[in-house]
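Biologist: Please take a close look at one part of this structure, the part that you think repays it best, and tell me what surrounds it. I would like every term to come with its cut-offs.

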Amino acid sequence: MNFDEIADEINRGAGCELKYISLSPETYVTEQIAQGVLADWAYMLSSAYEDISKGKLDKISRDVATVLGKPSRDFSTFVSGVDKAGTWRGGEG
């Protein structure tokens, strides 16, 4: 999923009005550093987010099941569970 698709899924599953606004990697890093994030971490995250936006990380892995000992779940199921818990409404769910 790209970030626009993630925002759309959260909108559908949680009834939120969320819009993804893309930033250049340079702007992202500058804003993160201004918020107190270490520069190395901001650059690493920027690189990972750029890979996600280009679809480079779109492979499904079995690592979650291997590491956690339980099956992974798709993002729609995750959003639905978070919404039921009330996370996006301050725990009022």
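Modeller: Helices are DSSP runs of H or I with at least four residues, numbered from the N terminus. The model is predicted, so local features need pLDDT of at least 70 and side-chain atom pairs count only at pLDDT 80 or more, whereas totals for chains, interfaces and linings use all residues. Residues are numbered from 1 along each chain as its sequence is written, and side-chain values use heavy atoms, with hydrogens and water left out.

The part I have chosen is the second largest pocket, which holds about 270 Å³ of space. A pocket here is an open set of points, on a 1 Å grid over the protein atoms alone, where a 1.4 Å probe fits and protein lies on both sides within 12 Å along at least five of seven lines; its lining residues have an atom within 4 Å of a point. The volume is the space filled by probe spheres set on the points, which are joined across faces, edges and corners.

Around this second pocket stand Phe-3, Tyr-20, Ile-21, Ser-22, Leu-23, Ser-24, Pro-25, Tyr-28, Ser-46, Tyr-49, Glu-50 and Ser-53. Helix H2 (25-34) and helix H3 (39-53) are the elements that give two or more residues to that lining, and H3 gives the most, with 4 residues. By class, the lining divides into 7 nonpolar, 4 polar and 1 charged, where Ala, Val, Leu, Ile, Met, Phe, Trp, Tyr, Cys and Pro count as nonpolar, Asp, Glu, Lys and Arg as charged, and the others, Gly among them, as polar.

The aromatic residues of this lining deserve a separate look. The structure holds 4 aromatic pairs, a pair being rings of Phe, Tyr or Trp (its six-membered ring) with centres within 6.5 Å, called stacked if the planes are under 30 degrees apart, edge-to-face if over 60 and tilted for the rest. For Tyr-28 and Tyr-49 the ring centres are 5.5 Å apart and the planes stand at 85°, so this pair is edge-to-face. Because Tyr-28 lies in helix H2 and Tyr-49 in helix H3, the pair ties together parts that are 21 residues apart in sequence. Tyr-28 is buried, with a relative accessible area of 15%, while Tyr-49 is partly exposed at 34% (buried is under 20%, exposed over 50% and partly exposed in between, with a 1.4 Å probe and protein chains only). One aromatic cluster takes in Phe-3, Tyr-20, Tyr-28 and Tyr-49, and these residues are also among those lining the pocket.

Glu-50, another residue of the lining, leads on to the charged contacts. It forms a salt bridge with Lys-54, with the closest N and O atoms 3.3 Å apart; such a bridge requires a side-chain nitrogen of Lys or Arg within 4 Å of a carboxyl oxygen of Asp or Glu. Glu-50 is partly exposed at 30% relative accessibility, whereas its partner Lys-54 is exposed at 54%. The search of the whole structure finds 3 salt bridges, and another of them joins Asp-51 to Lys-56, where the closest N and O atoms are 3.8 Å apart. Asp-51 counts as partly exposed at 25% relative accessibility, and Lys-56 as exposed at 55%.
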